[in-house]
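This report describes how two chains meet in one model and then turns to two individual residues. The sequence and structure are shown first.

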There are 2 protein chains.
Amino acid sequence: MSESKKPEGENVEVFWHKQAVPRYLKEQLNGNKGCIVWFTGLSASGKSTIANLVDHKLHTLGKRSFVLDGDNVRHHLNAPPAMLREKHGEEFAKRFGLGFSAQDREENIRRIGAVAKLFAESGTIALTAFISPYRIDRDRVRETMSPTDFFEVYVNTSLKICEERDPKGLYKKARAGEVKGFTGIDDPYEAPLHPDLVLDAGHKDADELADEVIFFLKSKGILS
Amino acid sequence: MSESKKPEGENVEVFWHKQAVPRYLKEQLNGNKGCIVWFTGLSASGKSTIANLVDHKLHTLGKRSFVLDGDNVRHHLNAPPAMLREKHGEEFAKRFGLGFSAQDREENIRRIGAVAKLFAESGTIALTAFISPYRIDRDRVRETMSPTDFFEVYVNTSLKICEERDPKGLYKKARAGEVKGFTGIDDPYEAPLHPDLVLDAGHKDADELADEVIFFLKSKGILS
């Protein structure tokens, strides 16, 4: 492959041949298939807690997984305008920063879906924990994946229970009109029509539900 | 942890305690530290070829790495307006789709940096292969990382050699004025001032350079 030994035309071709590692070899090394496990549900339904428990259990099994949630996405990839302003300026922040308008939520989920897909392609089980209230946004992510590596998991906790939990006091603020466009209060939550798995997160505990997800992934051949 | 056995206040707290798997445990499982290896250089300098060879060598060593390049980023996360229009509409595509204006390039690198950081946090060696011509954009990514897990690798191939290679005929088009704002022709390339590693990709072959990167990563304790 030395440049000096070959005529230029030939060398150029050799030089530009990509020896990419195919996904199945990465999956073989990891001992699991890459996929997206897309948790959806109301605020305080238990998405992030369950996703992190699943991550923990998968790690214990020696599998590769990663949680995408507000904690690691909202501060950087999908930062609000206020976080981009200082470094990137007002115009940039206004265009690319994400708030809670319908368009912003659409882009929020689009970017998360794209990143989760990259993790899946790297042979990782991507566990996403976002309200993702609109059916069309979730369906668009599903459309970018093969049916065997996208799983929609409905964290089915009633509004009543979520509002009782209200760990961040957000429902209270939304009821008081201090927070606008809050899912379940003055913005719709569109429950999945055909979820791959439904978790009764209003009545069972998180650990038990995480086990249900592990069982589900085994049944789909993800952990073979 | 059953909901029924504990007073509501206490249960809520237990329910919401996140058992996140810390990064160092993921790194332990993988046998490598997570980091970003940021390749930068002109079009046709060899970035993507070298990054893919490094990925291949790391895989052979049983390490976890992933290449982010135009092939997997430009079609989805950082898609151009034309690719977003059909599904998301004109207004959305115009706002979030990325072309080659200075602002669009800035957001392009910002998103890639954010995603590469997530891979690093998952214990993966993220290999990014983008021209990333502006120093400030690369420095902004560096600022989001600790000095021990961001490495700027300058793929130092002269414009003359890149233009001779011209595998996609882009330099020819840029010289003819058919492509505007092309890096190195009518848009600047700002070489790194303090790169962590410089690769003489105009004269050595890609395989040898990939070995230099592996050697570098070993010297930094990434593959321990």
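A polar contact is a pair of N or O atoms within 3.5 Å; within protein, one must be able to donate a hydrogen and the other to accept it, and residues adjacent in sequence count only if both atoms are side-chain atoms. The model is predicted: local features need pLDDT of at least 70, side-chain atom pairs count only at pLDDT 80 or more, and totals for chains, interfaces and linings use all residues. Residues are numbered from 1 along each chain as its sequence is written, and side-chain values use heavy atoms, with hydrogens and water left out.

**The interface**

Chain B and chain A each contribute 71 residues to the contact, where contact means heavy atoms within 4.5 Å. About 6,900 Å² is buried between the two chains, 58% of it on carbon and sulfur atoms; buried area is the accessible area (1.4 Å probe) that two parts lose on being put together, summed over both. Between chain B and chain A there are 8 salt bridges, each a side-chain nitrogen of Lys or Arg within 4 Å of a carboxyl oxygen of Asp or Glu. The interface also holds 25 residue pairs in polar contact, both at pLDDT 80 or more. On the side of chain B that touches chain A, helix H7 (residues 102-121) supplies the largest share, 12 residues. Helices (H or I, at least four residues) and strands (E, at least two) are DSSP runs, numbered from the N terminus.

A turn of 180 degrees and a shift of 0.0 Å along the axis lay chain B on chain A with an RMSD of 0.0 Å, the relation of a two-fold axis. The superposition is by least squares on the C-alpha atoms of residues with pLDDT of at least 70 in both copies. Of the interface residues of chain B, 100% are also interface residues in chain A, so the copies meet through the same surface.

**Two buried residues**

B:Asp104 lies in helix H7 of chain B and is buried at 8% relative accessibility; buried means under 20% relative accessible area, exposed over 50%, partly exposed in between (1.4 Å probe, protein chains only). A:Ser122 sits in the loop between helix H7 (102-121) and strand E3 (125-129) of chain A, and A:Ser122 is also buried, with a relative accessible area of 8%. A:Ser122 touches residues including A:Lys26 and B:Phe119.

| Side chain | Partner | Distance |
|---|---|---|
| B:Asp104 | A:Arg95, side chain | 2.8 Å |
| B:Asp104 | B:Gly99, backbone nitrogen | 2.6 Å |
| A:Ser122 | A:Phe119, backbone oxygen | 2.7 Å |

Terms used:
Chains are lettered from A and ligands numbered from 1 in the order in which they are written. Lists of a residue's contacts leave out its neighbours within four places in sequence.
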